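This briefing concerns the structure shown below. The points that follow are grouped by topic, beginning with the ligand site.

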Amino acid sequence: MNPLNHVAIIMDGNGRWGLKYKNSRNAGHKEGLKTVEKIINETIKNRIKFLTLYAFSTENWKRPKKEINYLFNLLENFLNNRLEDINKQNIRIKILGYKKFSSKLNKLLNLAEKKTSKNSKLQINLALNYGSKTELINAFKKIYKKKGKINEKNLEKNLQTYNIPDPDLLIRTGNTKRLSNFLLWQLAYAEIFFEKKLWPAFTEKEYKKIIKEFRSIKRNFGKI
Ligand code: IPE
Ligand code: IPE
Ligand code: MG
């Protein structure tokens, strides 16, 4: 049975779900938040230590302002309402990506990270304004500036995921088979599951099924 330490998820399909059932993309984002809660709980139940959630990519700025604002309001409300609870549940929050949002949201994200920094049950990495290409370029720039050596260890030290083990399992919901600039380096050996269901329709049942299947895969890492 494979150990499962880190699950990464591309939570895709909110907009389509919202349009189909509520005639509004934003309603899909709101519903998607309920899935986030369910999946966090199931992750804890499975004693998984790291959960990385792709919530907003560097490319998502190309969306209409109205949708972007809605998304960040949703996040702000979520943190305002749930941070205490998250902290009590011994969950650590870490943001991947650059905090270039409203000063209110930046402060709230910093607070969430600081307040939960000693927690140890589960670490949730929230990828927000995250793009893997930017992350890699910045890592190389940092090494270059310090006149450091270009090697795997040094590169990893300069990624935003420093000290976070690579994901063992990547799940993308929403019936699309692509990585969309997510953790390109870190996913080198992840087992990848593309799930047909849209994120708001994704449940613990599908999640558990994927975990079960993951456990039984023969992971080679180049060996035989
Ligand atoms: C993913 O759902 C959530 C974000 C990118 C914020 P989408 O909004 O991409 O949903 P679809 O893919 O358009 O259905
Ligand atoms: C990927 O979904 C980003 C997130 C889930 C946050 P997108 O919906 O933005 O991806 P593309 O544009 O369809 O590849
Ligand atoms: Mg999408």
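Three helices each contribute at least two residues to the shell around ligand 1: helix 1 (14–22), helix 2 (25–45) and helix 3 (65–88). Helix 1 makes the greatest contribution to this shell, with three residues. The model is a predicted one, and ligand 1 occupies its largest pocket.

**Shell around ligand 1**

- The surroundings of ligand 1 comprise 13 residues, of which Asp-12, Gly-15, Arg-16, Arg-25 and Arg-63 come nearest.
- By residue class, the shell around ligand 1 contains five charged, five polar and three nonpolar residues.

**Polar contacts and burial of ligand 1**

- The side chain of Asp-12 places an N or O atom 2.8 Å from an oxygen atom of ligand 1.
- For Arg-25, an N or O atom of the side chain is 2.9 Å from an oxygen atom of ligand 1.
- At Asn-14 the backbone is involved: one of its N or O atoms lies 3.2 Å from an oxygen atom of ligand 1.
- The protein buries 88% of the 370 Å² that ligand 1 exposes when taken alone.

**Positive phi outside glycine**

- Asn-90 is not a glycine, yet its phi is positive, at about 65°.
- The position of Asn-90 is in the loop between helix 3 and strand 3 (91–96).
- Asn-90 has a relative accessible area of 27% and is therefore partly exposed, as this value falls between the limits of 20% and 50%.
- Ser-180, also a residue other than glycine, has a positive phi near 45°.
- The loop between strand 5 (169–172) and strand 6 (191–194) holds Ser-180.
- Ser-180 counts as partly exposed because its relative accessibility is 29%.

**Segment after helix 7**

- Asn-220 is located in the segment after helix 7 (204–216).
- With a relative accessible area of 32%, Asn-220 is partly exposed.
- Asn-220 and Gly-148 are 72 residues apart along the chain, and 31 Å separates their C-alpha atoms.
- Ile-224 is likewise placed in the segment after helix 7.
- Ile-224 counts as exposed because its relative accessibility is 96%, which is over the 50% limit.
- Between the C-alpha atoms of Ile-224 and Lys-141 the distance is 37 Å, with the two positions 83 residues apart in sequence numbering.

Methods. Residues numbered from 1 in each chain as written. Chains lettered and ligands numbered in written order. Predicted model: local features only at pLDDT ≥ 70, side-chain atom pairs only at ≥ 80, totals over all residues. Heavy atoms only, no water. Near = heavy atom within 4 Å. Polar contact = N/O pair within 3.5 Å; in protein donor to acceptor, adjacent residues only side chain to side chain. Areas by Shrake-Rupley, 256 points an atom, 1.4 Å probe, with all protein chains shown as cover. 1 Å grid on protein atoms, 1.4 Å probe; cavity = no way out; pocket = protein on both sides within 12 Å on 5 of 7 lines; lining within 4 Å. Sits in = over half its atoms within 2 Å of the grid points. Helix = DSSP H or I, 4+ residues; strand = E, 2+ residues; numbered from the N terminus. Nonpolar A, V, L, I, M, F, W, Y, C, P; charged D, E, K, R; others polar. Buried < 20%, exposed > 50% of the residue type's maximum accessible area, 1.4 Å probe, protein only.
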